[in-house]
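Got the viewer open and a selection box ready? Here is a tour, stop by stop, with something to click on at each one.

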Amino acid sequence: SQLIRPLQSYRQPGSAFKPIVYAAALDHPTKGFTPATIIYDSPDIFEYTEEDESGKELVTWKPENYAERFLGPKTLRKALEKSINTISVKVVGEIGLDYARSYVRKLGIKSEMKRDLTTALGSSPVSLLELSRAYNIFASGGYLVEPYLIRRVYDRDGNLLEWHLYKAQAEEIKEMEVTEE
């Protein structure tokens, strides 16, 4: 197939999105979330207005956990470890959808994000490349690094056919070529 899946295939990340939600909470400038912050895993009903072709409609939503039970007070760390849906939704409700969406953008995810609390559960489709780029920020100590897919291409005899530079290296070489002329 001609589809380049990591770049062109969009899927709902589901619980793989939760670390991004918790990172946004921990990084929020005024909410004061820490890994030890306690949030109650309890049933809750959320109401919001949704607009479709026929107009605005009030939607009620009651998120549930995978095990269909509630675990009571949990630290943020434990909630992430256990992947507790209701706490993830409460966290996004607390930090605000606008802040969560802007935080997602800072992590390099450019796909359209839903404007409701289901975003906390990874309901907005993203590409594998976007999700990998966002996770890489955790591994690189907080730096957004642009992924590099193919650096060198060799033929079957080991001869170098193509060599691609990082953007910064390529720009540096272009500048050197201009100054030499």
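**Salt bridges first**

A search of the whole structure turns up five salt bridges. Keep in mind throughout that this is a predicted model. We'll visit some of those bridges before moving on.

Start by selecting Glu81 and Lys78. They form a salt bridge, with 3.4 Å between the closest N and O atoms. Both residues sit in helix α3 (residues 76-82), three residues apart, or about one turn of the helix. Colour by accessibility and you'll see that Glu81 is exposed at 54%, whereas Lys78 is partly exposed at 32%.

Next, select Asp98 and Arg115. The closest N and O atoms of this salt bridge are 3.0 Å apart. Asp98 belongs to helix α5 and Arg115 to the loop between α5 and β6 (126-127), so the pair ties together parts that are 17 residues apart in sequence. Are these two partners buried or exposed? Asp98 is exposed, with 52% relative accessibility, and Arg115 is exposed too, at 55%.

Stay with helix α5 and pick Arg101 together with Glu112. Here the salt bridge has its closest N and O atoms 3.6 Å apart. Arg101 is in helix α5 and Glu112 in the loop between α5 and β6, so this pair ties together parts that are eleven residues apart in sequence. Check the accessibility of each end: Arg101 is buried at 14%, but Glu112 is exposed at 58%.

**Further along that loop**

Now select Ser123, which is also in the loop between α5 and β6. Ser123 is buried, with a relative accessible area of 10%. Add Arg11 to the selection and draw a C-alpha to C-alpha distance: these residues are 112 apart along the chain, yet their C-alpha atoms are separated by 8.8 Å.

**Into the interior**

Switch on cavity display. How many cavities of 30 Å³ or more does a search of the whole structure find? The search finds one, and about 40 Å³ of space lies in it. To see its walls, select Phe17, Ile20, Val21, Ala24, Ala100, Val104 and Thr119. Two elements each give two or more residues to this lining, α2 (18-27) and α5 (97-106). Helix α2 gives the most, with three residues. Colour the lining by residue type and you get six nonpolar residues, one polar and no charged.

**An enclosed helix**

Go to helix α4 (residues 85-95) next. Why call it largely enclosed by the rest of the structure? Because nine of its eleven residues are buried. To light them up, select Asn85, Thr86, Ile87, Ser88, Val89, Lys90, Val91, Val92 and Ile95. Then step off the end of the helix: α4 is followed by Gly96, which has a positive phi near 95°.

**Two more positive phi angles**

Most residues other than glycine have a negative phi. That makes a backbone plot handy for the next two stops.

Select Ser83, in the loop between α3 and α4. Ser83 is not a glycine, but its phi is positive, about 55°. At 27% relative accessibility, Ser83 is partly exposed.

Then jump to Glu68, in the loop between β4 (55-61) and β5 (72-75). The phi of Glu68 is near 60°, another positive value in a residue other than glycine. Is Glu68 buried or exposed? Glu68 counts as exposed, at 64% relative accessibility.

**A strand contact**

Select Tyr40, in strand β2 (residues 38-41). Tyr40 is exposed, with 51% relative accessibility. Add Gly72 and draw the C-alpha to C-alpha distance: 5.2 Å in space for two residues that are 32 apart in sequence.

**Last stop: the surface**

Turn on the molecular surface and select Ile4, Leu7, Leu149 and Ile150. Together they make a nonpolar surface patch of about 360 Å². Zoom in on Leu149, in the loop between α6 (128-139) and β7 (152-154). Leu149 is exposed, with a relative accessible area of 58%.

Definitions and conventions:
Residues numbered from 1 in each chain as written. Predicted model: local features only at pLDDT ≥ 70, side-chain atom pairs only at ≥ 80, totals over all residues. Heavy atoms only, no water. 1 Å grid on protein atoms, 1.4 Å probe; cavity = no way out; pocket = protein on both sides within 12 Å on 5 of 7 lines; lining within 4 Å. Points joined across faces, edges and corners; volume = space filled by probe spheres on them. Helix = DSSP H or I, 4+ residues; strand = E, 2+ residues; numbered from the N terminus. Nonpolar A, V, L, I, M, F, W, Y, C, P; charged D, E, K, R; others polar. Buried < 20%, exposed > 50% of the residue type's maximum accessible area, 1.4 Å probe, protein only. Patch = residues over 30% accessible without salt bridge, like charges linked within 9 Å, V, L, I, M, F, W, Y side chains within 5 Å. Areas by Shrake-Rupley, 256 points an atom, 1.4 Å probe, with all protein chains shown as cover. Salt bridge = Lys/Arg side-chain N within 4 Å of Asp/Glu carboxyl O.
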